[in-house]
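Here is a set of short exercises to work through with a model in front of you. Try each task by yourself before you read its solution.

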Amino acid sequence: MTHVPTHAATTELWDRARRVLPGGVNSPVRSFKSVGGRPFFVDRGDGPFLVDTEGERYIDYIMSWGPHVLGHGHPVIVEALRSQLERGTSYGAPTAEEVEMAERLVRLVPGLDMVRLVNSGTEATMSALRVARAFTGRSRFLKFSGCYHGHADPFLVAAGSGVATLGLPNSPGVPEEAVRDTAVLPFNDLEAVRDLFRKEGDGFAAIFLEPVMGNAGLIAPLPGFLEGLLEICEEHGALLVFDEVMTGFRVGLGGAQERFGVVPHLTTLGKVIGAGLPVGAFGGRRDIMEQVAPLGPVYQAGTLSGNPLATAAGNAQLGWLEENDPFPGLQEVGERLVEGLVGILREAGIPASGDAHGSMFGVFFHPGPVERFEDAQEADTERFGRFHREMVKRGVFLAPSPFEAGFLSIRHSEAEIEHTLTAAREAAEVVA
Ligand code: KE4
């Protein structure tokens, strides 16, 4: 069965989309621009699958870029939303459910004493940066090339995800003064961080990073890297901020900070905690979070922050995860998938390497090791694009970018893994 979206209706929809939406999409990475071809239009999600408007079914390894760790349409989430819908969609006033969600996040994420719910990962990271700057009285912060922290101005320097996918140097419209205080170094280069902080550390509010990079492909921290960053921050009075919007409830129940045993001063979250509804969160050590209005002077607000639909879905998914902790099992599936894909590519003569952490995985068209974004940029992205198209034809939907991670759910069974590896064998032959 070849899944090439060819029906006239899809073509017409794509033409309409591009007339009224920039690039036909509401987020650049969805455009297939870097892998060629064009996107299908989704009619519905179903467990590990997406079904498009032509009735074609795809094994979905994007899971809405992370949120659906229980797969599409899990009954606990559907039921929670259905019941909340009958009581209302938003009040702009406190609810017990947002308290329950905040308590659960504080209970599960080691670095959280206190947390604020927002509506996206971008809001979470921009707010966390503001709090870090207020708490330290400093403006500069360090990020790492290839890390993506949402699209707020200060972070759009050497960013990953869609910025890297589209090969944008940074972004027009971001004034020089907005990024003047943003320093960038290569991920995993602890010596470079030590050197920078030895000279200028006392001017830094924070070191900001994805503890496992998921926006440059999947790149894990080298042993000692995270521990070293915490030491440097504590030595220079800066805050360590883990952006766990992607890794939170993806690399493990307590996120990367629990998996690697390094507790940051501030944490940002998103995606899984909303189960597909718009949610983000930032939080951390109590004395830092007490700076946030109305308790403290640092202003941060949001009409729909902690809204009842998002907390209903989020509480349902987080509750299930807390009760069942699927991550050890998901790690095994991820390892099997990566081992299979890398083996198939190498057998076809295509240099490849990969990694899996909890329910996230990544494969590079690069012999490895890939320890920083600069390594990932040497991957064969053109061949990846052709491979991606061949996999879509065979009903397997990988992230439409070489600089993204893959996401599993509890619904990806042996049958889906087998289908994926069979499709990969055929696709590898075509692109070898
Ligand atoms: P949002 O504003 O897209 O909810 O979150 C921004 C963000 C912040 N931090 C990290 C580590 C992230 O991965 C993200 C968003 N991730 C991308 C996927 N690479 C979202 C997909 C998209 O942009 O459409």
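The exercises below go from the whole chain to strands, cavities, a pocket and one residue.

This is a predicted model, in which local features need pLDDT of at least 70 and side-chain atom pairs count only at pLDDT 80 or more, while totals for chains, interfaces and linings use all residues. Residues are numbered from 1 along each chain as its sequence is written, and side-chain values use heavy atoms, with hydrogens and water left out.

**Exercise 1. The whole chain**

Task: Describe the overall dimensions of the protein and its share of buried residues.

Solution:
- Step 1. Start with the elements: the protein has 15 helices and 14 strands. Both are DSSP runs numbered from the N terminus, helices being H or I with at least four residues and strands E with at least two.
- Step 2. Along the principal axes, the C-alpha atoms fill a box of roughly 60 × 55 × 45 Å.
- Step 3. Now compare with a globule. The radius of gyration is 21 Å, which agrees with the value near 22 Å for a compact globule of 432 residues. It is taken over C-alpha atoms, and the globule rule is 2.2 Å times the number of residues to the power 0.38.
- Step 4. Of the 432 residues, 58% are buried. Buried means under 20% relative accessible area, exposed over 50%, and partly exposed in between (1.4 Å probe, protein chains only).

**Exercise 2. Strand 9 and its partners**

Task: Find which strands pair with strand 9, and in which sense.

Solution:
- Step 1. Two strands pair if DSSP finds at least two bridges between them.
- Step 2. Strand 8 (residues 239–243) pairs with strand 9 in the parallel sense, over three bridges. Here Asp243 has Thr268 as its bridge partner.
- Step 3. With strand 10 (residues 280–284), strand 9 pairs in the antiparallel sense over five bridges. Thr267 stands opposite Gly283 there.
- Step 4. Next, the two faces. In a regular strand the side chains alternate between the two faces of the sheet. Leu266, Thr268 and Gly270 point one way from strand 9, Thr267 and Leu269 point the other way, and all are buried.

**Exercise 3. A three-strand sheet**

Task: Which strands stand at the edges of the open sheet?

Solution:
- Step 1. The order of the three strands is 11-12-14, with antiparallel pairing.
- Step 2. Strand 11 and strand 14 (406–407) are at the edges; each has a single partner strand, so one side of each has no neighbour in the sheet.
- Step 3. Strand 11 (residues 353–357) is joined to strand 12 by five bridges, and one pair of bridge partners is Gly354 and Val363.
- Step 4. The hairpin of these strands has two residues between them, and Gly358 takes a positive phi near 60°.

**Exercise 4. The cavities**

Task: Which element supplies the largest share of the lining of the largest cavity?

Solution:
- Step 1. On a 1 Å grid over the protein atoms alone, a cavity is a set of points where a 1.4 Å probe fits but cannot get out; a pocket is an open set with protein on both sides within 12 Å along at least five of seven lines, and lining residues have an atom within 4 Å of a point.
- Step 2. There are two cavities of 30 Å³ or more. The largest has about 180 Å³, and 15 residues line it, with Phe361, Gly362, Val363, Phe384 and Leu398 closest to its centre.
- Step 3. Strand 12 gives the largest share, three residues.
- Step 4. The second largest cavity, of about 30 Å³, has a lining that includes Val363 and Phe384.

**Exercise 5. A pocket and Met289**

Task: Is Met289 buried or exposed, and which residues does Met289 contact?

Solution:
- Step 1. Met289 lies in helix 10 (residues 286–289), and its 3% relative accessibility makes it buried.
- Step 2. Contact means heavy atoms within 4.5 Å. Beyond its neighbours within four places in sequence, Met289 contacts Met114, Val115, Arg116, Leu266, Phe282, Gly283 and Gly284.
- Step 3. Val115 and Arg116 also appear in the second largest pocket, among the lining residues nearest its centre. That pocket has a volume of about 440 Å³, where a volume is the space filled by probe spheres set on grid points joined across faces, edges and corners.
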